[in-house]
Amino acid sequence: MKTAICCSLVLAVSFCTTTASAATLKGRFVYDGKAPAPAKLAITKDTEVCSEHAPVDESLVVGPDGGIQNILIWVRTKIESPAPEGKPALDNLHCRFDPHVLIVHTGQTLELKNSDPVGHNSNITTVMNPATNQSIPPNGSVDTKFTKEERLPAKVSCGIHPWMTAWVLVVDDTYNAVTKEDGSFEISGLPEGEELEFQVWQEKGGYTDQITCEKFPDGWSRGRFKMTFSGDVDLGEIKVSPDEFK
């Protein structure tokens with residue numbers, strides 16, 4: 001039998017969860033209104049290859065059910081954890097970066113790929129780490145690593161194709177997530193009994209704070225909120241105002 005325990009949030013908000021050895025935080029970000037259609041991008045280079053795929057502006061991606069994709073949420077509180085297994089990859093595919101938003105752990109090897117038949121370069125404008133500006137031939141790849149955590153996501157661009165952009169967040173822990181196509185996210189393994197501060201960020205809106213959420217009736221500030229876990233927490237639907245993206 002599970003025991004109900006109350007979990008205190010910042011802004012004097014409290015609600016109940018159930019006990020667990022480690023906590024999971026989940027929720028779903030949705031656009032609070034009718035989302036605009038993504039704009040087509042002007043293709044000015046290698047048009048015979050890039051125009052075929054008709055890339056669009058991905059600075060705000062909203063699914064048919066209103067879910068907002070590519071919102072980043074991560075723990076700001078300093079907690080280091082070993083790098084996860086695997087080698088994350090950022091691909092130059094169809095004259096866009098795939099994925100558009102990526103999280104990389106310090107010490108992990110990031111593979112910069114080019115699956116296109118034309119040359120690309122991946123310019124990652126980090127602040128705490130030396131900037132990376134790698135030229136990648138067709139069907140080629142190069143590896144890079146980051147040794148320090150970044151405070152905010154680093155922009156990725158291609159000097160050959162100026163419409164191409166992506167974002168890479170470099171972190172020291174695994175307590176982070178990127179929202180999926182339906183706007184949902186889940187962060188597992190969160191330590192219990194310790195107050196944790198979270199950061200929420202989206203490419204077009206920056207710090208995501210114009211929100212409506214049942215668990216936070218007074219909202220949150222600068223995209224940040226604090227929680228102390230004593231079990232799993234579901235924030236439910238987090239509605240984001242269209243004004244966030246103006």
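**Group meeting: salt bridges, cores and one valine**

Okay, let's start with a single residue, Asp 143, which is partly exposed, with a relative accessible area of 42%. Before I go on, keep in mind that this is a predicted model.

So what does Asp 143 pair with? Its side chain meets that of Lys 87 in a salt bridge, at 3.1 Å from N to O. Lys 87 is partly exposed too, at 43% relative accessibility. What I like here is where the two sit: Asp 143 is in strand E13, while Lys 87 is in the loop between E6 and E7, so the pair links parts of the chain that are 56 residues apart.

If you're new to this, here's the background: side chains of opposite charge can pair when their charged atoms come close.

How many salt bridges are there? The count comes to 10. Let me show you another one, between Glu 149 and Lys 78, where the closest N and O atoms are 3.6 Å apart. This pair also links distant parts of the chain, 71 residues apart. Glu 149 lies in the loop between strand E13 (141–145) and strand E14 (154–157), and Lys 78 lies in the loop between E6 and strand E7 (89–93). Is Lys 78 buried or exposed? With 54% relative accessibility, Lys 78 counts as exposed, because the cut-off for that is over 50%. Glu 149, at 25%, counts as partly exposed.

One more pair: Asp 243 and Lys 246 meet in a salt bridge at 3.0 Å, N to O. Asp 243 is partly exposed at 40%, and Lys 246 is exposed at 79%. And some bridges share partners: Lys 78, Glu 80, Glu 149 and Asp 172 are joined that way into one network.

Now for the inside. The largest nonpolar core has 30 residues, and Leu 25, Leu 190, Phe 198 and Phe 225 have the most contacts within it. Which strands feed this core? Among those supplying at least two residues each are strand E3 (23–31), strand E17 (184–190) and strand E18 (195–202). There's also a second, separate core of 22 residues, including Val 104, Val 156, Cys 158 and Val 170.

Last stop, Val 62, in strand E4 (residues 61–62). You might guess that a valine would be buried, but Val 62 is partly exposed, because its relative accessible area is 24% and buried means under 20%. Leaving out residues up to four places away in sequence, Val 62 touches Tyr 31, Ala 35, Gly 67 and Ile 68. Ile 103 is 41 residues from Val 62 along the chain, and their C-alpha atoms are separated by 20 Å.

That's my tour, thanks!

Methods: Residues numbered from 1 in each chain as written. Predicted model: local features only at pLDDT ≥ 70, side-chain atom pairs only at ≥ 80, totals over all residues. Heavy atoms only, no water. Core = buried A, V, L, I, M, F, W, Y, C linked by side-chain atoms within 4.5 Å. Buried < 20%, exposed > 50% of the residue type's maximum accessible area, 1.4 Å probe, protein only. Helix = DSSP H or I, 4+ residues; strand = E, 2+ residues; numbered from the N terminus. Contact = heavy atoms within 4.5 Å. Salt bridge = Lys/Arg side-chain N within 4 Å of Asp/Glu carboxyl O.
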